[in-house]
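Please open the structure in your viewer and keep the selection tool at hand. This tour goes from one stop to the next, saying at each what to select and what is to be found there.

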Amino acid sequence: MNAQDLQAPVDYLKGVGPARADLLRTELNIHKFQDLLSLFPNRYIDRTRFHKIAELQNANAEVQIIGKITTVKMVPQKRGKRMVAVFEDETGQMELVWFRGHKWIRENIKTNTPYVAFGKLKWFGNRASMPHPELDLLEEYQSKKAQRMQPVYPSTEKLQKKGLTNRSMNNIMFNLLKQCTAGFTETLPESVLQKHKLVSKTKAIFNVHFPATINDLEKAKFRLKFEEFFYIQLQLIRKNLLAKKKIKGFPFPEVGDYFLDFYKNYLPFELTHAQKRVLKEIRRDLNSGAQMNRLLQGDVGSGKTIVGFLSMLIALGNGFQACMMAPTEILAIQHYEGISELAEKMGIHVKLLTGSTKTKARRILHEELESGELQILIGTHALIEDKVKFKNLGLAIIDEQHRFGVAQRAKLWKKNTLPPHVMVMTATPIPRTLAMSVYGDLDISVIDELPPGRKPIQTVHRYDSNRLKVFKFLKDEITKGRQVYVVYPLIEESANFDYKDLMDGYDSIVRYFPKPDYQVSIVHGKMKPEDKAFEMQRFVEGKTQIMVATTVIEVGVNVPNASIMLIESAERFGLSQLHQLRGRVGRGAEQSYCVLLTGHKISKDGKTRLETMTQTNDGFKIAEVDLKLRGPGDLMGTQQSGVLQLKIADLVQDGSILALARKEAHLLLKEDPSLESPENSMVNFTYQSSMKNKQFWNYIS
Ligand code: ADP
Ligand code: MG
């Protein structure tokens, strides 16, 4: 069947009248033959296996058995009667049961004749019974080119009610495929098919619906998943290439004196290999003539800040300004302090701008920024207010804010002739599979190595009932001079309860850790920014030993002497949040600990989260588990992203197929960037049609 015929409305298909066609349209969004072909089964019932009655077990879901019906009787029950047939094979006996349709059964059933019975089992003690089995005479079952792997299609309650059962869907699909015996046009390049031993389009479509063996099915699925990823990647990569051509950026031909001076004389430690590699990637971007759009991923504590600072020095060395934006005031202050300390040595002019900056200081700052006297500006969202104008912003670094949109980024360069280079730093590890699909427009660098000498954080799970033991442990550590975080969950919907928990918790901690031997700070979202900053500062300076907080401390805060993270009601936190919180400790030379306190009632997912935390410190492993638990839709605000509404492939399970498809898409575009060559005409056609499905761009930019 050619592409044209596949555009025919489903009404024209045998077995689909106008009523059913309407149902298919409204319930499953199926309009054309083509849509029906891409309604892939959810699962398959394996009818390649037969069971013996004596071997049946409770755990068997659906079974098929060869046997004979010996007797049929009617059994009265509360309402009406049920029909019960004794069914036996050479190993034993069981019952087949019907609650309706008795007449038809009685007239058609043959006793003492071999049948294949298929269905779900019900158990009454150790007696198996099969209600409303699918019955085929063994002879017919064998002669019929029976579907050994029976597809189960997505359905809805309404479809079931209106009689469009899975059996009817099977028939409809069968009729459709009967009309397609001529095959389908191949949509992948011949060379790719050969290289990866992919089955043809025709074979794949037939076998995904009616596979004869599990092996056929696997091959069909592999090919279709590959194809789905391949076309998505073609689009993403082309978009990225086009963007690179279109969006010019300032070329920074020099690394510059600032960079060289700092690197030679002031670098406080040797960079890790990963930091060096990433710097090279950034360096290449900055001199390419195109605007850099780079996502810098690195686990908490991997040392992203110094990489950011060195990149700023390149901008400065080429005569440009740089800025860094942080999500909270506390973090902005920390960055400001860290960076001014480094910059000071080279006489670089750095300032801080937040919501708390006073009017007069602000006015001076604006002037210095416009004259170019101010070289580095660090701050919060205040940086993107309209009044803030740079003379020539060359590099904007955005810390811990992957959600920061393009529109907001654009505000940074209103006055520039060209957009600044942009680097987004995040400690939220995004699994590669997801990153490859979602961030087609950002290049990605990964710092996958921690600075040397860090002791891995030890993580334990303890129940509330052991709280006093845990507190005793905190006391011992504090005596050794350490500091402690105690974090409470804060969920928007139950904010009032949560604040009460937090305050109760604070009270009990103050009781257990009394003044003047112990000082306890508290920070939460209802406090004024300056109060928060004050309390935070006391903790940073070591004036208080315990910091009780909600998750406001989640990102970025750096207090190397704090070596214990105690998380209350840990079962209520998501995995990535737990990992972020844990990342607040383990920054100094001392052994650090993370204690997850919970009640006894924990959900299955909750248990998995706690186990994952106690078993690994690897942010990427944690992100993979998180992705499996929550599904991709939840991560990174990608809910609306059309790209994740895949028809057959699965971002979590099929990461390796995605990587393969992406590689081939790259190779193809390298050879034929605009897909013009004749042998790629079918690829181009398929690509253009998939482009019409614009939905999938929603998430980017
Ligand atoms: P993050 O990636 O979480 O932002 P930071 O940039 O805050 O991490 O770095 C964490 C700590 O590690 C800082 O105290 C920093 O000075 C230190 N650090 C960074 N890189 C190195 C390195 N190569 N060797 C030793 N310490 C380093
Ligand atoms: Mg950081």
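Begin by selecting Gly301 together with ligand 1, and look for the place where a backbone N or O atom of Gly301 lies 2.6 Å from an oxygen atom of the ligand. As you look, keep in mind that this is a predicted model. Add Gly303 to the selection, and you will find that one of its backbone N or O atoms is 3.1 Å from an oxygen atom of ligand 1. A side chain takes part as well, for when you select Gln275 you can find a polar side-chain atom 2.9 Å from a nitrogen atom of ligand 1. How much of ligand 1 does the protein bury? Taken alone, ligand 1 exposes 570 Å², and the protein buries 79% of that area.

Now widen the selection to the residues around ligand 1, which number 16, and notice that those coming nearest are Glu270, Gly301, Lys304, Thr305 and Arg454.

The next stop is the second largest pocket, which has a volume of about 1,100 Å³. Its lining is made up of 36 residues, and to find its centre you can select Phe269, Thr305, Ile306, Asn558 and Arg587, the ones closest to that point. Thr305 is thus worth keeping highlighted, since it belongs both to the residues nearest ligand 1 and to those closest to the centre of this pocket.

Colour helix H12 (304-317) and helix H13 (329-344), each of which supplies at least two residues of the pocket lining; H13 gives the most, with 8 residues. If you then colour the lining of this pocket by class, you will see 14 nonpolar, 12 polar and 10 charged residues. Where does the second largest pocket lie with respect to the domains? Select domain 3 (257-447) and domain 4 (458-616): both give residues to the lining, so the pocket lies between them.

From an open pocket, move on to the enclosed spaces, where the count comes to 2 cavities of 30 Å³ or more. The second largest cavity holds about 30 Å³ of space, and you can bring out its lining by selecting Tyr153, Pro154, Ser155, Gln160, Leu164, Thr165, Asn166 and Met169. This lining has 4 nonpolar and 4 polar residues, with no charged ones.

Two backbone details complete the tour. Select Lys515 and Pro516, which are joined by a cis peptide bond with omega about 0°; Pro516 is in the loop between helix H18 (495-512) and strand E19 (520-523). Finally, go to Asn29, in the loop between helix H1 (18-28) and helix H2 (33-37), where phi is near 60°, a positive value in a residue other than glycine.

Note on methods: Residues are numbered from 1 along each chain as its sequence is written. Chains are lettered from A and ligands numbered from 1 in the order in which they are written. This is a predicted model: local features need pLDDT of at least 70, side-chain atom pairs count only at pLDDT 80 or more; totals for chains, interfaces and linings use all residues. Side-chain values use heavy atoms; hydrogens and water are left out. On a 1 Å grid over the protein atoms alone, a cavity is a set of points where a 1.4 Å probe fits but cannot get out, and a pocket is an open set with protein on both sides within 12 Å along at least five of seven lines; lining residues have an atom within 4 Å of a point. Grid points are joined across faces, edges and corners, and a volume is the space filled by probe spheres set on the points. Helices (H or I, at least four residues) and strands (E, at least two) are DSSP runs, numbered from the N terminus. Ala, Val, Leu, Ile, Met, Phe, Trp, Tyr, Cys and Pro count as nonpolar, Asp, Glu, Lys and Arg as charged, and the others, Gly among them, as polar. Domain bounds come from an automatic or database domain assignment. A residue is near a molecule or strand if one of its heavy atoms lies within 4 Å of it. A polar contact is a pair of N or O atoms within 3.5 Å; within protein, one must be able to donate a hydrogen and the other to accept it, and residues adjacent in sequence count only if both atoms are side-chain atoms. Accessible areas come from the Shrake-Rupley method with a 1.4 Å probe; for residues, only the protein chains shown count as cover.
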